[in-house]
Amino acid sequence: MRASTDPSVATAERYRAFAKVEARGMSVCYERWAAGVAADPATMALIDQLPAVKRQPNLVFSAARLHGAVVGEYPQFAAWLREHWSDVAATCLTHATQTNEPGRCAVLLPALAALAGPLAIIEVGASAGLCLHPDRYSYRYRLADGDERMLHPTDGPSPVVLDCAVTGPVPLPERMPKIVWRAGIDLHPLDVHSDADLAWLEALIWPEHDDRRSRLRAAVAVARQEPVQIVTGDLNDQIEALIARAPAEATVVVFHTAVLAYLNEPDRNRFAAQMTRLPVRWLSNEGQSVVPGVLERLAEAPALSSAFILALDGEPIALTQPHGRALHWLG
Ligand SMILES: C[S@@+](CC[C@H](N)C(=O)[O-])C[C@H]1O[C@@H](n2cnc3c(N)ncnc32)[C@H](O)[C@@H]1O
């Protein structure tokens, strides 16, 4: 678990770690806000009124932005937060960080397309289900030599174009995988038809990431046309029954991205054991030490500590940028 999300870590340390490890290079605003909070006892006293699990920077900042906190310097943010604390706290108590990033489909797609189809895909920790439509988006893969490879849905270009820089021997697909059935599981599925849920999904996107916000809106429009079922519940409890509902003739692929970090170690182990036992292919895209055994199977540790590892059936196959902006296929 990251220090910023670990309830056993002191608030100052959680915000300091978030500034240094997660926000640096990703969001100037959040780096400033988090470093500011870590050095500001009055603001930390407010945040410490929340249960420890709800004090995480990403949740507090997203709730603040939902209520109108303006991107900018820390002193203005601290003053704003004092004034609007009761609204922000109420949102923290009723919401969770459920960022849904359709851009992650760009790193999943080559692995999906290489599997024998037709496919039945199940996403655990699906949020609003925007990663359950990999065959309905267009892709622009940028190669190291400057060339580009486009891939479109079978019925033509999608309004959602996912950009991804690729390196290594990536098996870029010539055509979309055939997906005949799809479903998800989430503790608290978000609804693409709910304005409140969409406002929360937008607030979860970091301030400077305008491209991700417009992509989110476009992906929501795609998802609205083809609703998928997302079962409410814990992934460990629900997965076996959902797999049993998939069409018999399809290859069932269970996948997850940025999810297992929310589970404690026994639950991660339980999930990994289910993936080994059940008749599925298992595609994971998670932080480096999150999926049991995966990091240990890498020949060398990734240079970037923020990189995710994409693994098929527990074997690492690629390193990925956490929002799907880059894919490095392993040899
Ligand atoms: C950061 S979001 C990622 C959403 C999506 N996979 C993506 O990459 O865009 C993590 C999601 O996992 C869900 N989640 C966390 N723990 C879970 C569990 N034990 N069972 C089911 N869903 C869970 C959360 O509710 C949240 O929607």
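How far is an oxygen atom of the ligand from an N or O atom in the side chain of N100? The distance is 2.8 Å, and the views below place this contact beside the aromatic pairs, the cysteines and helix α4.

The model is predicted, so local features need pLDDT of at least 70 and side-chain atom pairs count only at pLDDT 80 or more, whereas totals for chains, interfaces and linings use all residues. Residues are numbered from 1 along each chain as its sequence is written, and side-chain values use heavy atoms, with hydrogens and water left out.

**View 1. Surroundings of the ligand.** The ligand is surrounded by 19 residues, a residue being near if one of its heavy atoms lies within 4 Å, and the closest are N100, E101, R104, D186 and D234. Besides the contact of N100, a polar side-chain atom of D186 lies 2.6 Å from an oxygen atom of the ligand, and a polar backbone atom of L187 is 3.2 Å from a ligand nitrogen atom. Of the 600 Å² of accessible area that the ligand has on its own, the protein covers 95% (Shrake-Rupley method, 1.4 Å probe). The shell comprises 7 nonpolar, 7 polar and 5 charged residues, where Ala, Val, Leu, Ile, Met, Phe, Trp, Tyr, Cys and Pro count as nonpolar, Asp, Glu, Lys and Arg as charged, and the others, Gly among them, as polar.

**View 2. Aromatic pairs around F61 and F77.** The whole structure holds 13 aromatic pairs, that is, rings of Phe, Tyr and Trp (its six-membered ring) with centres within 6.5 Å, counted as stacked if the planes are under 30 degrees apart, edge-to-face if over 60 and tilted otherwise. The rings of F61 and F77 are edge-to-face because their planes stand at 85°, with the centres 5.6 Å apart. This pair links distant parts of the chain, since F61 belongs to helix α4 (residues 57-66) and F77 to helix α5 (residues 74-83), 16 residues apart; helices are DSSP runs (H or I, at least four residues) numbered from the N terminus. Both rings belong to buried residues, F61 with a relative accessible area of 0% and F77 with 2%, where buried means under 20%, exposed over 50% and partly exposed in between (1.4 Å probe, protein chains only). F77 also forms a tilted pair with Y74, at 6.3 Å centre to centre and 55° between the planes. Y74 and F77 are 3 residues apart in helix α5, and therefore separated by about one helical turn, and Y74 is buried at 12%. Ring pairs join Y15, F18, Y30, W33, F61, Y74, F77 and W206 into a cluster.

**View 3. The cysteines C105 and C131.** The structure contains 0 disulfides, a disulfide being a pair of cysteine sulfur atoms within 2.5 Å. For C105, the nearest cysteine sulfur is that of C131, 4.4 Å away, which is too far for a bond. C105 is buried at 0% relative accessible area, and C131 is buried at 2%.

**View 4. Helix α4 and the residue G68.** Helix α4 is largely enclosed by the rest of the structure because 9 of its 10 residues are buried. The buried residues are P57, N58, L59, V60, F61, S62, A63, A64 and R65. After α4 comes G68, whose phi is positive, near 105°.

Key:
Helix = DSSP H or I, 4+ residues; strand = E, 2+ residues; numbered from the N terminus. Polar contact = N/O pair within 3.5 Å; in protein donor to acceptor, adjacent residues only side chain to side chain.
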